[in-house]
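Below is a briefing on a single protein chain, prepared for a reader who will want to check each point against the model. Please keep the sequence and the three-dimensional view open while reading.

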Amino acid sequence: MTDHRRPRRRGQGELEVQVLSALRAADGPATAGWVQERLGGDLAYTTVITILTRLLAKGAVTRERAGRSFAWTPVSDEAGLAAHRMRKLLDGESDREAVLASFVTSLEPDDERLLRELLRQAESEGED
């Protein structure tokens with residue numbers, strides 16, 4: 001009996017992370033075709049182009065002409081992309097203080113300590 005189920009559909013964020021990971025593995029700027037091959041070829045070329053274009057709009061990649069196509073280079077890593085998403089969500093809220101307060105109070109103790117340390121570091125770097 002043949003299994004006709006569709007493969008699991010990946011979310012946009014998951015695809016963006018995979019594309020960025022592939023670009024970081026490249027020795028330099030890479031084409032969409034190279035990224036498609038690197039990801040196993042199960043994504044349509046147009047899907048890869050769409051993801052790269054979204055990443056370009058987010059400032060996570062740059063592109064340069066390479067013949068009739070483009071070569072893409074990552075600017076941001078996975079952490080940078082996640083931070084961008086968090087910032088975009090925060091920017092869309094009218095009560096930033098309430099959102100930030102809710103976020104901080106929902107952190108695990110270790111994460112809260114880490115956040116406080118990072119804020120102290122940023123503050124001391126700003127004083128230099």
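The points below go from the overall layout to the sheet, the nonpolar core and the salt bridges. The model is a predicted one, and the chain in it contains six helices and three strands. Along the sequence these elements follow the pattern α-β-α-α-β-β-α-α-α.

**Overall layout**

- Of the 128 residues that make up the chain, 20% count as buried.
- The accessible surface of the chain amounts to about 9500 Å², and carbon and sulfur atoms account for 51% of this area.
- Among the contacts in the chain with a separation of 6 or more, 45% are made by residues that lie 24 or more positions apart.

**The sheet and its strands**

- The three strands form an open sheet in the order β1-β3-β2, and their pairing is antiparallel.
- Because β1 and β2 stand at the edges and each has a single partner strand, one side of each is left without a neighbour in the sheet.
- Helix α3 packs on this sheet, where it touches β2 and β3, and the direction of α3 makes about 120° with that of β2.
- Strand β2 is joined to β3 (residues 69-74) by six bridges, the two strands running antiparallel; within this pairing, Arg 63 has Trp 72 of β3 as its bridge partner, while Arg 65 has Phe 70 of β3.
- The same two strands, β2 and β3, form a hairpin with two residues between them, and Gly 67, which sits in the turn, has a positive phi of about 70°.
- On the other pairing, strand β1 (residues 30-31) meets β3 in the antiparallel sense over two bridges, and Ala 30 has Trp 72 of β3 as its bridge partner.
- As general background, strands of a sheet pair through backbone hydrogen bonds, in either a parallel or an antiparallel manner.

**The nonpolar core**

- The largest nonpolar core consists of 18 residues, and those with the most contacts inside it are Val 19, Leu 23, Leu 52 and Leu 55.
- Helices α1, α2 (32-38) and α3 each supply at least two residues of this core, and the largest share, five residues, comes from α1.
- Leu 52 can serve as a starting point for inspecting the contacts: leaving aside neighbours within four places in sequence, Leu 52 is in contact with Val 19, Leu 23, Ala 32, Val 61 and Trp 72.

**A buried salt bridge at Glu 16**

- The number of salt bridges in the chain comes to six, and one of them joins Glu 16 to Lys 58, with the closest N and O atoms 2.9 Å apart.
- This pair links distant parts of the chain, since Glu 16 lies in helix α1 (residues 12-25) and Lys 58 in the loop between α3 (45-57) and β2 (61-66), at a separation of 42 residues.
- Both Glu 16 and Lys 58 are buried; Glu 16 is classed in this way because its relative accessibility is 0%, which is under the 20% cut-off for a buried residue.
- Not counting residues up to four places away in sequence, Glu 16 touches Ile 51, Arg 54, Leu 55, Lys 58, Leu 81 and Arg 85.

**Other salt bridges**

- Asp 91 forms a salt bridge with Arg 96, in which the closest N and O atoms are 2.9 Å apart, and Arg 87, Asp 91 and Arg 96 are linked in a network of salt bridges.
- Asp 91 counts as partly exposed because its relative accessibility is 45%, and Arg 96, with a relative accessible area of 35%, is partly exposed too; both values fall between the 20% and 50% cut-offs.
- Asp 110 forms a salt bridge with Arg 113, with the closest N and O atoms 2.2 Å apart.
- Because Asp 110 and Arg 113 are three residues apart in helix α6 (residues 109-127), about one helical turn separates them; Asp 110 is exposed, and Arg 113 is exposed as well.
- In general terms, side chains of opposite charge can pair when their charged atoms come close.

How values were computed
Residues are numbered from 1 along each chain as its sequence is written. This is a predicted model: local features need pLDDT of at least 70, side-chain atom pairs count only at pLDDT 80 or more; totals for chains, interfaces and linings use all residues. Side-chain values use heavy atoms; hydrogens and water are left out. A salt bridge is a side-chain nitrogen of Lys or Arg within 4 Å of a carboxyl oxygen of Asp or Glu. Helices (H or I, at least four residues) and strands (E, at least two) are DSSP runs, numbered from the N terminus. Buried means under 20% relative accessible area, exposed over 50%, partly exposed in between (1.4 Å probe, protein chains only). A nonpolar core is a set of buried Ala, Val, Leu, Ile, Met, Phe, Trp, Tyr and Cys residues joined through side-chain atoms within 4.5 Å. Contact means heavy atoms within 4.5 Å. Two strands pair if DSSP finds at least two bridges between them. Axes are lines fitted to C-alpha atoms, for helices over the stretch in contact, and angles run from 0 to 180 degrees between N-to-C directions. Accessible areas come from the Shrake-Rupley method with a 1.4 Å probe; for residues, only the protein chains shown count as cover.
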